[in-house]
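The report below describes a structure shown here with its sequence, and takes up in turn the sheets, a helix, the contact between chains and a few single residues.

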Number of protein chains: 2
Amino acid sequence: MINTLYLPELREMLELSDVDGLREFCTALHPARTAEFMEGLTATEAWSVLQAADPATRVEIFGYLDREKQIEVFETCDPESVSTLIADMPADDRVDLLNAVDEEVARNLLSLVPADKRRDIQRLQAYPEGTAGAVMTTEVARLPESLTVREALQELSRIAENLETIYYIYIVDENNHLRGAVSARRLVTHLNKPKMPITELMERNLVTVEATDDQEAVAAKVADYDFLAIPVVDHEQHLVGIITHDDVIDVLQREATEDAYLAGAVGPLEEGYLSIPWFEFTRHRAPWLAILFGGAIITILALKSYHETIDKVAWLVLFLPLIVSCGGNSGSQSATLIIRALTTKEITPASWWAVVWRELLIGLALGLFLGAIGYAIGCFVAPSFAAALIIPITLILVVTCGTMVGSLLPLLFARLGWDPALMSAPFVTVIVDILGIVVYMNVALLMLRELS
Amino acid sequence: MINTLYLPELREMLELSDVDGLREFCTALHPARTAEFMEGLTATEAWSVLQAADPATRVEIFGYLDREKQIEVFETCDPESVSTLIADMPADDRVDLLNAVDEEVARNLLSLVPADKRRDIQRLQAYPEGTAGAVMTTEVARLPESLTVREALQELSRIAENLETIYYIYIVDENNHLRGAVSARRLVTHLNKPKMPITELMERNLVTVEATDDQEAVAAKVADYDFLAIPVVDHEQHLVGIITHDDVIDVLQREATEDAYLAGAVGPLEEGYLSIPWFEFTRHRAPWLAILFGGAIITILALKSYHETIDKVAWLVLFLPLIVSCGGNSGSQSATLIIRALTTKEITPASWWAVVWRELLIGLALGLFLGAIGYAIGCFVAPSFAAALIIPITLILVVTCGTMVGSLLPLLFARLGWDPALMSAPFVTVIVDILGIVVYMNVALLMLRELS
């Protein structure tokens, strides 16, 4: 949804070079709202508007523009002014963005950034995507352990301007080993004891993560502990950065979206639903459907090998979609529950035995329940009450098959170190579909032989 | 996963009433880790261990115990000591918990809590579940607008001990109308200007939410703006509380779990996967399967009404599961994408026209693609190349049907003010299954009439 309310005014102010008007626009609202109102502008127009703002506001508003526009600004606007913006941006955000733009452009921009910031960017760029190092920021409130409360506050007031957060202040020794942390709240409550050494106030039992740890595991940890930020250390306990609550929210949201997409047989998307051209989107969706289509082709072969039974007992066909979908649905339920429980670390592959036992009981009970309804309907359709028994027997077996496959496959994937979400509902369904047909036809064959 | 490492030692210390040992255990680790090690204890044992900790640590560790244990402590342990804990707990958490325990117990506990805390609890309890008011905390850093920087810091240091966060300090007028906010960082950076009025430092353009707003909308707002906390006001702009980042993470995670469950045809769960007894779990899952079963029964009726065609042209049956699953899969993709885009507010029901147009094009393209593969297979199975055309024609129509139903139904639900996630993949699939059979049979009838 693009907000077009202020666009004509903005364009007019740009035309008239009305710097005062533009500055007023940039400061009147919360930066996030300002960015929203600028969505309809081109990258060049947006960049011109931002020139009217003071550097701090410019960085803030820029941070709320959508990613495509940010990339366009980096790639098309005057490199020199863009490089000043880069120097002012939060350490983690600018690396993300530089990794996303054209390589040539990134190199050129980087050469214009002051040397200390450049080194910082290059250090962060060295961490592989998906690690804690790649989302952390290096701008940490870091104080030596020798300070008193008053000195700490003074030092903090000097450095706070350039930091993303000061909610936790990290205390390091002379070699930058992490020794502890003090919350801003704790520091403030001891204002009346200015001479107290901060080491007396600091929390020493810190929960830390390593820079090479997996992002999702880190996000889950922060969410569990309700932290505002978590310190990132290297393998020698040197403080290298922090990951803040907003990065954690981003990671959690990205992960939820990815899992939701996999559950719907869509691969992860880099952009929003409406920003991908329709044909590219089709190309993105086609392989997933093709994989499932490949599975469904096996149902043709399965049915073909039983064609004699079907030809002889025509009423069996009527129940085919029902039986196939029942197995798929019970499998979807199990796969969804197990994948979610694995994601939230409630279960691990090690507890597979408890899970499979539960799912077996639940599958049998659900099968009995649906089988009872199925038998009632079967009695109307089948030639005899005895023949109708094919339906409930099949349903009990197929529903149990569904819960077994739906629980075992994600556990197996997790065990192998793969993402269990890859074994999501649609993929479980296609496997259970094939099993369902085989079970149905064999139950029918056996029952019919028994009856004749 | 229950950590049993310290259980024998803990039980022995309890037996010997080794208060020093227990206190050591309570303070040695981060409270979240301590709580983890206590998971294997009964509620009574856990409560006895916590008696050794000082009140502040006790509240912290208690906050990290799992919910079931917390409820058990409230319901079974000595009400008087529990009521002291309640008085110390964060305002939002204790209300959540009191709402979860037995009503009689809650009333009894509430009567033992000091009057001011009791009034606070009752005020929060008045907000309906799902609103901003129900997750907010009333413990806000709130300062009058007349203070200077120095006075503000002094006042803050006096009240900070009892507050959940001091990252934003809210400035109110004498009638508690919200006037602005100052971040702790901004206050600290102006330490060297102690006489400056805080009104000069404060941000006046605040983004606020109303206590009656929907929780999920509030969470999305905070996540968008990267806020640490958002102030909650009543309809007259009185400051009534704040919602902090950890509550937002909880809401986002709960929402992701709920949507994942709906996408797998499971209703929302109050407890974890392993904590629900298997039979209760079966009762929880059965109604969802029964609804889908009800839909599948219609496929029997649909097939029955075309039994003449099926009897005459037996090879059509072989493709039945394939065609039905193709429609379902393309519908799942669309439903998943649209529901996620609606949840993240990327699209609104108002943009239905753009969405449906895209899905129509994508559906046709995907149908053509799968139809081409389907035709190749059909040529092997069908008696003639002409008869095999039934398969691709049906696939194009069914896949397009899938994308249409999968996109329109969630949009319609959102339009009607219902949760679009209720129209998730399994429900879309069952509708497309029925449509698929009708389309298939009609295409076959028309083609066969044409050919004969």
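Two strands count as paired if DSSP finds at least two bridges between them, and the strands themselves are DSSP runs of at least two residues, numbered from the N terminus. The model discussed here is predicted.

**The sheet of strands 4, 5 and 6**

In chain A, three strands make up an open sheet with the order 4-5-6 and mixed pairing. Its edges are strand 4 (209–210) and strand 6 of chain A, each of which pairs on one side only. Strand 5 (residues 229–233) of chain A is joined to strand 6 of chain A by five bridges in the antiparallel sense, and in this pairing Pro231(A) has Ile242(A) of strand 6 opposite. With strand 4 of chain A, strand 5 of chain A pairs in the parallel sense, over two bridges, and here Val209(A) stands opposite Val232(A) of strand 5.

Two helices pack on this sheet. Helix 15 (residues 215–225) of chain A touches strand 4, strand 5 and strand 6 of chain A, and its direction makes about 140° with that of strand 5 of chain A. Helix 16 (residues 245–263) of chain A touches strand 5 and strand 6 of chain A, its direction making about 65° with that of strand 6 of chain A.

How many residues of strand 6 of chain A are buried? Strand 6 (residues 239–244) is mostly covered, with six of its six residues buried. Between strand 5 and strand 6 of chain A, the hairpin has five residues, and within this hairpin Gln237(A) takes a positive phi near 65°.

**The sheet of strands 1, 2 and 3**

A further open sheet of chain A has three strands in the order 1-2-3, and its pairing is mixed as well. Strand 1 (142–144) and strand 3 (178–183) of chain A each have a single partner strand and stand at the edges, so that one side of each is left without a neighbour in the sheet. From one strand to the next, the twist averages 35°. Strand 2 (residues 168–172) and strand 3 of chain A run antiparallel and are joined by five bridges; in strand 3, the bridge partner of Ile169(A) is Val182(A).

The bridge pairs named for the two sheets are set out together below.

| Residue | Partner residue | Strand of the partner |
|---|---|---|
| Ile169(A) | Val182(A) | strand 3 of chain A |
| Val209(A) | Val232(A) | strand 5 of chain A |
| Pro231(A) | Ile242(A) | strand 6 of chain A |

**A helix of chain B**

In helix 4 (residues 43–51) of chain B, the buried residues are Ala46(B), Trp47(B), Val49(B) and Leu50(B). Because these residues cover an arc of only 160° around the axis, they lie on the same side of helix 4 of chain B. They pack against four helices of chain B, namely helix 1 (7–15), helix 2 (19–28), helix 5 (55–64) and helix 6 (67–76).

**The two chains and their contact**

A turn of 180° with a shift of 0.1 Å along the axis lays chain B on chain A with an RMSD of 0.3 Å, which is the relation of a two-fold axis. The contact between the chains takes 97 residues from chain B and 96 residues from chain A. Sorted by class, the side of chain B that touches chain A has 63 nonpolar, 21 polar and 13 charged residues. Of the interface residues of chain B, 99% are also interface residues in chain A, so the copies meet through the same surface.

**Single residues**

Ser17(A) has a positive phi of about 50°, although this residue is not a glycine, and its place is in the loop between helix 1 (7–15) and helix 2 (19–28) of chain A. Is Ser17(A) buried or exposed? With 10 other C-beta atoms within 10 Å, Ser17(A) is exposed. In chain B, phi of Ser17(B) is likewise positive, near 50°, and Ser17(B) is found in the loop between helix 1 and helix 2 of chain B. Ser17(B) counts as exposed because it has 10 C-beta neighbours inside 10 Å.

Ala372(A) lies in helix 20 (residues 352–381) of chain A and counts as exposed, with 12 C-beta neighbours inside 10 Å. The C-alpha atom of Ala372(A) is separated by 43 Å from that of Ala220(A), the two residues being 152 residues apart along the chain.

Methods
Residues numbered from 1 in each chain as written. Chains lettered and ligands numbered in written order. Predicted model: local features only at pLDDT ≥ 70, side-chain atom pairs only at ≥ 80, totals over all residues. Axes fitted to C-alpha atoms, helices over the stretch in contact; angles between N-to-C directions. Contact = placed C-beta atoms within 7 Å. Nonpolar A, V, L, I, M, F, W, Y, C, P; charged D, E, K, R; others polar. Buried ≥ 20, exposed ≤ 12 C-beta atoms within 10 Å, placed from the backbone. Arc of directions from axis to C-beta. Least-squares fit on C-alpha atoms with pLDDT ≥ 70 in both.
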